[in-house]
Amino acid sequence: MKLKGKHSFWLIRPRLMFSVFLVMSFIGVLPSYAAPSIMPLSLKQCVDLALQNNIDVLLAKARGEEAQGKKMTWNADLLPQIDAVATQQRTWWENIGALGFPGFSGVIGPFNTFNASIMVSQRILDFSALAHAQAGRINWRSSQLEIELASQQVILATSLAYIQTLGYAQELSSSYEDVRLAEHFLSLSTHQLDAGLASAVDVARDRTELAQQKARQLELRLNLVKSQLALKRLVKIPLSQAIDLTDSLNNSAFDYLSEKDAINRARQDRMEVLVAHADSDYSLAQLKASQRQYFPKVDLTGQWGETGLTPDRQVTHAANAMLSISMPLWDSGSIAGDIKEKAGLNEEEKVKAEDLNWKIEEDVRVSLETLVSTRAQVDAQAQVEGFARQELDLAQDRFSAGLGDNTQVINAQDKMADAREKYVQAEAQYDQAKLNYFAALGDARQFELSGNL
């Protein structure tokens, strides 16, 4: 009887331990293992993160601070300069005649000299400094345009990466349906074999098809992981962070400008054009500053203070003012060389600006042609997918009725998988074409995946 009771205890104990485990879990004694959180990301959120963290935008902002400092430095040449000066000098020997006392000779000393004064200097006329100040303002304005240009480029790169990731995600989602179909047809051919309506070759074909669909699914999963990593690197979030893209591909058509209007708008609004014009103006102002180094400069300097032997002995007031005019007569060719250098830089900017006009027109024309082509591809691939689905249904019905082998089914299944994949790719390419169209016009911020475009 004791042995039976002992065995009964061991049979009851697992139930008791399980009950205790449930109670401890309910009251929170046991540690909880939360599933890793998934960060939902819309296109707008990705763009905002990229604009905050992308290195190109940060570098452009740093160059803007540099340009601001250079502008302040060049403006300082036109503003008054105020200095406080205090000196205590000990002279042991001094030629009295050299001090401006004619008729006197000999050496005096030793003696002390103390001076404390406020010195004010003002550039009255300096055409070169004026041109430099103008160049500084233009350079600062150019740096602000470059910040916006870097932002537009980051928006373009981030949006392209987002669309590519969406495309891979949708292709992977479609592949699950392809694997499910392959498993269904394998099950069907196995049943047909048992019923004597199919051969072992049919089963082998379906097994091969299932393996191929699973291999394709693995390849698509790898593509999705790579594209997600590239997107996370662009927006600067931890690469280990799981993400879920909340937007979807948008294949809806929209109205776009005519070729002529699009080109004119791009030449007015593209940041590259505005930056090129600012760079050209900057190089021209630099050239003018170099050329005006030959012009005379007028400076006014005034000084007021106390002078004596020491700070506490024989101190009296002292004041003086000086107006000076200077003009280079011979500089060994340094000004001429500077002018030649700045003239070359100005010509270089003109050539770049001219070539940019051609590039912008090319970008607009290519974007419009790509829009029309990709829109047609979306419509065509939608029809192909519909026809492939009909062909698959007919082939399945024939095989289920025992009319022939499953070769037609497998071929139709491959066509269906290929049609689905190409349709998703066409949708992604159309969204990319819309994005490139807005970027060609100079306003990538206007692109959206959802809503009215």
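**Close-up views of a predicted model**

**View 1. Tyr 256, Tyr 437 and Phe 438 make up one aromatic cluster.** The structure shown is a predicted model. By the ring-centre rule, the count of aromatic pairs comes to three. Phe 127 and Phe 295 form one such pair, edge-to-face. Their centres are 5.4 Å apart, with 85° between the planes. Phe 127 belongs to helix α4 (residues 127-194), while Phe 295 sits in the loop between α7 (271-291) and β7, so this pair ties together parts that are 168 residues apart in sequence. Phe 127 has 30% relative accessibility and counts as partly exposed. Phe 295, at 36%, also counts as partly exposed. Within the cluster, the rings of Tyr 437 and Phe 438 have centres 5.4 Å apart and planes at 65°, so they too are edge-to-face. The cut-off for that label is over 60 degrees. Tyr 437 and Phe 438 are both buried.

**View 2. Charged side chains sit over the rings of Trp 140 and Tyr 430.** Lys 71 lies over the face of Trp 140. The distance to the ring centre is 4.6 Å. Over Tyr 430 sits the charged end of Arg 375. Here the distance to the ring centre is 4.9 Å.

**View 3. Strands β2, β5, β7 and β8 form an open sheet.** The order is β2-β5-β7-β8, and the pairing is antiparallel. The edges are β2 (81-91) and β8 (316-326), each pairing on one side only. From one strand to the next, the twist averages 20°. Strand β7 (residues 297-308) is joined to β8 by eleven bridges. These two strands run antiparallel. Thr 307 stands opposite Thr 316 of β8.

**View 4. Arg 270 is buried in the loop between α6 (259-269) and α7.** Its relative accessible area is 3%. The cut-off for buried is under 20%, so Arg 270 qualifies. Neighbours within four places in sequence are left aside in the contacts that follow. Arg 270 is in contact with the charged residues Arg 265, Lys 359 and Asp 363, among others. Its contacts also include Ile 360, Ala 439, Ala 440, Leu 441 and Gly 442.

**View 5. Gln 213 is buried in helix α5 (residues 200-235).** The relative accessible area of Gln 213 is 5%. Residues up to four places away in sequence are not counted in its contacts. Gln 213 touches Asp 178, Val 179 and Ala 182. It also touches Gln 413, Asp 414 and Ala 417.

**View 6. The largest nonpolar core has 51 residues.** Tyr 162, Leu 231 and Val 364 have the most contacts inside this core. Helix α9 (residues 407-441) gives the most to it, with twelve residues. Leu 231 is in contact with Cys 46, Thr 158, Ala 161 and Tyr 162, leaving aside neighbours within four places in sequence. Thr 165, Ile 243 and Leu 245 are also in contact with Leu 231. A second, separate core has twelve residues. Among them are Ala 388, Leu 392, Ala 412 and Ala 419.

How values were computed: Residues numbered from 1 in each chain as written. Predicted model: local features only at pLDDT ≥ 70, side-chain atom pairs only at ≥ 80, totals over all residues. Heavy atoms only, no water. Pairing = 2+ DSSP bridges. Helix = DSSP H or I, 4+ residues; strand = E, 2+ residues; numbered from the N terminus. Axes fitted to C-alpha atoms, helices over the stretch in contact; angles between N-to-C directions. Phe/Tyr/Trp six-rings, centres within 6.5 Å; stacked < 30°, edge-to-face > 60°. Buried < 20%, exposed > 50% of the residue type's maximum accessible area, 1.4 Å probe, protein only. Lys NZ or Arg CZ within 6 Å of the ring centre and 35° of its normal. Contact = heavy atoms within 4.5 Å. Core = buried A, V, L, I, M, F, W, Y, C linked by side-chain atoms within 4.5 Å.
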